[in-house]
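Could you walk me through how this protein packs, ring by ring and helix by helix? Here is a friendly tour, to be read with the model open beside it.

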Amino acid sequence: MLKVEELPKEQIYVAAHPDHFPETALELAKKLADAHDKQICLLGVLDRKENSSFYENAFESWKCRIGFPVNYFVLDDDFTDFMEFVEAVILIFEVSDVPPFNKPLNQLKLCRELRIPYYFVKPGQQIAFDRVLVPIGFLVEEREKGVFCRGMGMHFHSHIMLMVANDYGTRAQQNAEAIKALMDKGSVEYENVEAKKNSFKVELEAVDRVMELDASLLMISASRDYGMDDILFGPKELKVIKKSVVPLMVINPRKDLYTLCN
């Protein structure tokens with residue numbers, strides 16, 4: 001196993017545990033890596049009851065099964081600091097019935113401070129970028145989705161479906177227009193999808209309509225802050241993860257970038 005200082009920068013990381021082979025997550029990682037010319041690294045997040053050799057032996061044995069080059073690393077330090085140090089570009093989790101990935105709330109908490117997109121997939125889900133469903137709310141940081149929409153359009157020729165929240169105000173629509181302007185510069189194909197729910201529920205509406213709209217990927221923002229209901233019952237993104245039948249891309253809001261806009 002490479003030392004942390006020896007790890008290549010800007011890799012795509014697939015979080016994994018020896019008890020579950022993340023086949024679907026690796027398939028997603030391979031497509032992303034090929035499109036962006038990046039390397040892939042299996043990442044084990046060490047539990048206090050486990051030792052690193054348990055992970056290392058499993059990851060080494062998986063190499064032939066995977067069928068394409070991967071690095072691997074076992075982390076026993078601060079997660080956010082590590083991801084920033086190695087300049088990770090994408091993180092992928094495969095939700096399964098096997099701990100520790102049977103409770104995605106734990107992974108959501110782990111990723112709260114990340115500034116990169118992270119994906120949740122489930123075993124056997126189809127990996128495709130043909131039709132990407134993107135709910136848009138009223139927070140100004142929703143405009144960050146434009147960068148990723150444009151990238152998917154340019155790298156995967158994705159058709160982007162913008163579901164703009166049905167709010168009384170115009171901020172969600174303004175965010176959508178800003179995203180469209182960015183996609184227009186990249187000649188990305190997109191369409192508007194009428195939403196019935198407001199900004200607080202548009203992500204839940206989107207996940208319910210994935211099959212109707214023939215979406216192959218759903219892109220959402222994580223909650224800016226966790227309120228009491230989120231702490232007691234789980235944040236909206238947890239509900240979306242549990243219900244989603246397609247891979248889910250999550251972006252953390254960057255409210256620190258928009259303090260002058262509020």
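A residue is called buried when its relative accessible area is under 20%, exposed when that area is over 50%, and partly exposed in between, using a 1.4 Å probe and protein chains only. This is a predicted model, in which local features need pLDDT of at least 70 and side-chain atom pairs count only at pLDDT 80 or more, while totals for chains, interfaces and linings use all residues. Residues are numbered from 1 along each chain as its sequence is written, and side-chain values use heavy atoms, with hydrogens and water left out.

**Confidence**

The predictor's confidence in each residue, pLDDT, runs from 0 to 100. Its mean for the protein is 91, and 92% of the residues reach 70 or more. Residues 257–262 stay under 50, and the model gives them five contacts (heavy atoms within 4.5 Å) beyond four places in sequence.

**Cores**

A nonpolar core here is a set of buried Ala, Val, Leu, Ile, Met, Phe, Trp, Tyr and Cys residues joined through side-chain atoms within 4.5 Å. The largest one has 46 residues, and the members that touch the most others are Tyr-13, Phe-82, Met-83, Leu-91, Tyr-118, Leu-133 and Leu-218. Leaving aside residues up to four places away in sequence, Leu-218 touches partners including Leu-133, Pro-135, Ala-206, Val-240 and Met-249. A second, separate core holds 42 residues, among them Phe-59, Met-183, Met-219 and Met-249.

**Aromatic rings**

Rings of Phe, Tyr and Trp (its six-membered ring) pair if their centres lie within 6.5 Å; planes under 30 degrees apart count as stacked, over 60 as edge-to-face and the rest as tilted. The structure holds twelve such pairs. Phe-93 and Phe-101 make a tilted one, with 6.1 Å from centre to centre and 50° between the planes. Phe-93 is buried at a relative accessible area of 2%, and Phe-101 is buried at 9%.

What kind of pair do Phe-138 and Phe-200 form? Their ring centres are 5.6 Å apart and their planes meet at 70°, so the pair is edge-to-face. Helices (H or I, at least four residues) and strands (E, at least two) are DSSP runs numbered from the N terminus. In those terms, Phe-138 lies in the loop between β6 (131–136) and α5 (145–156) and Phe-200 in the loop between β8 (190–194) and α7 (202–208), so the pair ties together parts that are 62 residues apart in sequence. Phe-138 is partly exposed, with a relative accessible area of 21%, whereas Phe-200 is exposed at 60%.

One aromatic cluster is formed by Phe-21, Phe-54, Tyr-55, Phe-59, Trp-62 and Tyr-72. A charge counts as sitting over a ring if NZ of Lys or CZ of Arg is within 6 Å of the ring centre and within 35 degrees of the ring normal. By that rule, the charged end of Arg-65 sits over the ring of Phe-21, 3.9 Å from its centre. Lys-30 likewise lies over the face of Phe-68, 5.6 Å from the ring centre.

**Two helices**

The expected span of a helix is 1.5 Å times one less than its number of residues. Helix α1 (residues 23–36) has 14 residues and should span 20 Å, which agrees with the 20 Å between its end C-alpha atoms. Its buried residues are Thr-24, Ala-25, Leu-26, Leu-28, Ala-29, Leu-32 and Ala-33. What covers them includes β1 (12–15), β2 (40–45), α2 (52–66), β4 (90–94), β5 (118–121) and α5.

The twelve residues of α5 reach 16 Å from first C-alpha to last, close to the 16 Å expected. Buried in α5 are Lys-145, Gly-146, Cys-149, Gly-151, Met-152, Gly-153 and Phe-156.

**Backbone details**

Several residues take a positive phi:

| Residue | Phi | Place |
|---|---|---|
| Glu-10 | about 60° | segment before β1 |
| Asp-37 | near 55° | after α1 |
| His-157 | about 55° | just after α5 |
| Asp-214 | about 55° | loop between α7 and β9 (217–221) |

Glu-10 is partly exposed, at 34% relative accessibility. Asp-214 is exposed at 54%, and His-157 is exposed at 69%. His-157 belongs to the loop between α5 and β7 (159–164).

The peptide bond from Pro-99 to Pro-100 is cis, with omega near 5°. Pro-100 is found in the loop between β4 and α4 (104–110).
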